[in-house]
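Thanks for coming. I have one model to go through today, so please look at the screen.

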Amino acid sequence: QMPPVPPLFEKLIDHLGEGSPSSMIAGAGKSPQLVLSLTGTRFKDNDTELSAAARWAFEHFSRDHTPCAIVLLDSANQRAGLEYHLRREFGCLGERYDRLPVNFSSGVSLADVPMYRDAMLGLRVGLMPLTRHEILTLINSPFLLPSGFAESATGLSLIKTLFDLGTERVAAEDFRHLVSGLGGKTALRDVVTLAQEQNRHLAVRQSGQYWVEVIRERLAVWGWPVRGNLDSMEFQQVQRLEPSLDTLATSLSLSGFVTYEEALSHWQAVLADTVFQPQTDRSSVQVLDAREAIGLSLS
């Protein structure tokens, strides 16, 4: 004897099936005749799948600007790759960087967005050791150095010398020496010169407000964010700088005096705890995670 069907299950069965729950249970042994209306495609790897999704969104949206959606099952690891492919398809990698008609509806930690990731890297330059990967990220950053710097004579010289060193990790004093000789008249050299002057003072414990002013000064020397044609989301991200520094000053006031390195660690934690939710036009390509897609009717 089968026990009674719980009320929630009964309503679900009644909604999905034909007839009463008891009749469906009676016919459970029979093979159900399901009509599948969805088609699927197999891809050789994740990047190929994201590229195909971006291409589909571009073709669909370009026809008549009808909104469409892409649902990511692993948005934390797939978002950056999808954004690159979307920018490539819509021609928004260069001068039209701010024209991408895409709304990433899920929030993201400020610590993970490229603008603040590069800002944190810029604040360490000339003062702390950097890996070769971090230096290459720095040289290619559109938020710290002018567009095309990596392909300039100065940029190429730095990259060549970096690889000639044959080391994965470059000490702060070695990087300062490298940039002093090859940096040219750039913000990078200005930052390194400032770091040389400040180096002896940054290990001294100071108040949170003191370090907030140092962070502002160093970002100003970079001209962060350098790129002028910020898109809507990046402009909103810039607006979060002062609130995040205010939070940093408040949190450090409870910690007493700290060193510069400790202050950066605190700011990193503040950025990691700050979820950035962009405000964008909804009549566009929507990128959702699986939870946000629950209950939506898509056709």
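I will start with the overall numbers, then take one sheet, two helix pairs and two prolines.

First, what you are looking at. This is a predicted model: local features need pLDDT of at least 70, side-chain atom pairs count only at pLDDT 80 or more, and totals for chains, interfaces and linings use all residues. Residues are numbered from 1 along each chain as its sequence is written, and side-chain values use heavy atoms, with hydrogens and water left out.

The protein has 14 helices and 7 strands. Helices (H or I, at least four residues) and strands (E, at least two) are DSSP runs, numbered from the N terminus. Of its 299 residues, 39% count as buried. Buried means under 20% relative accessible area, exposed over 50%, and partly exposed in between, with a 1.4 Å probe and protein chains only. Take the contacts with a separation of 6 or more: residues 24 or more positions apart account for 71% of them. A contact here means heavy atoms within 4.5 Å.

Now the sheet. In what order do the 3 strands of the open sheet stand? The order is E1-E7-E2, and the pairing is parallel. Two strands pair if DSSP finds at least two bridges between them. E1 and E2 are the edge strands, each with a single partner, so one side of each has no neighbour in the sheet. Direction ignored, neighbouring strands are turned by 20 degrees against each other on average. For angles in general, axes are lines fitted to C-alpha atoms, for helices over the stretch in contact, and angles run from 0 to 180 degrees between N-to-C directions.

E1 covers residues 68-72 and pairs with E7 over 5 bridges. One of the bridge pairs is Ile70 with Val287 of E7. On the other side, E2, residues 102-104, is joined to E7 by 3 bridges. There, Val102 stands opposite Val285, and Phe104 has Val287 as its bridge partner.

Are the residues of E7 mostly covered or uncovered? Mostly covered: in E7, residues 285-289, 5 of 5 residues are buried. Val285, Val287 and Asp289 point one way, Gln286 and Leu288 point the other way, and all are buried. E1 reads otherwise. Cys68, Ile70 and Leu72 point to one face and are buried, while Ala69 and Val71 point to the other face and are not.

Two helices lie across these strands. H3, residues 46-64, lies across E1 and E7 and runs at about 165 degrees to E1. H4, residues 75-89, lies across E1, E2 and E7, at about 140 degrees to E1.

Next, the helix pairs. H9 (residues 187-198) and H10 (residues 208-222) pack at about 150 degrees, with axes 8 Å apart. They are therefore roughly antiparallel; under 35 degrees counts as roughly parallel, over 145 as roughly antiparallel, 65 to 115 as roughly perpendicular, and the rest as oblique. On the H9 side the contact includes Leu188, Val191 and Leu194, and on the H10 side it includes Arg218, Val221 and Trp222. By class, this contact has 7 nonpolar, 1 polar and 3 charged residues. The classes are these: Ala, Val, Leu, Ile, Met, Phe, Trp, Tyr, Cys and Pro are nonpolar, Asp, Glu, Lys and Arg are charged, and the others, Gly among them, are polar.

The second pair is H5 (residues 114-124) with H6 (residues 132-140), at about 110 degrees and with axes 10 Å apart. H5 and H6 are therefore roughly perpendicular. H5 contributes Arg117, Asp118, Leu121 and Arg124 to the contact, and H6 contributes Glu134, Thr137 and Leu138. That contact has 2 nonpolar, 1 polar and 4 charged residues.

Last, the prolines. Pro67 lies in the loop between H3 and E1. At 45% relative accessibility, Pro67 counts as partly exposed. Pro67 and Ala57 are 10 residues apart in sequence and 9.1 Å apart in space, C-alpha to C-alpha. Pro225 lies in the loop between H10 and H11 (232-238). A cis peptide bond joins Trp224 to Pro225, with omega about -10 degrees. For background, most peptide bonds are trans.
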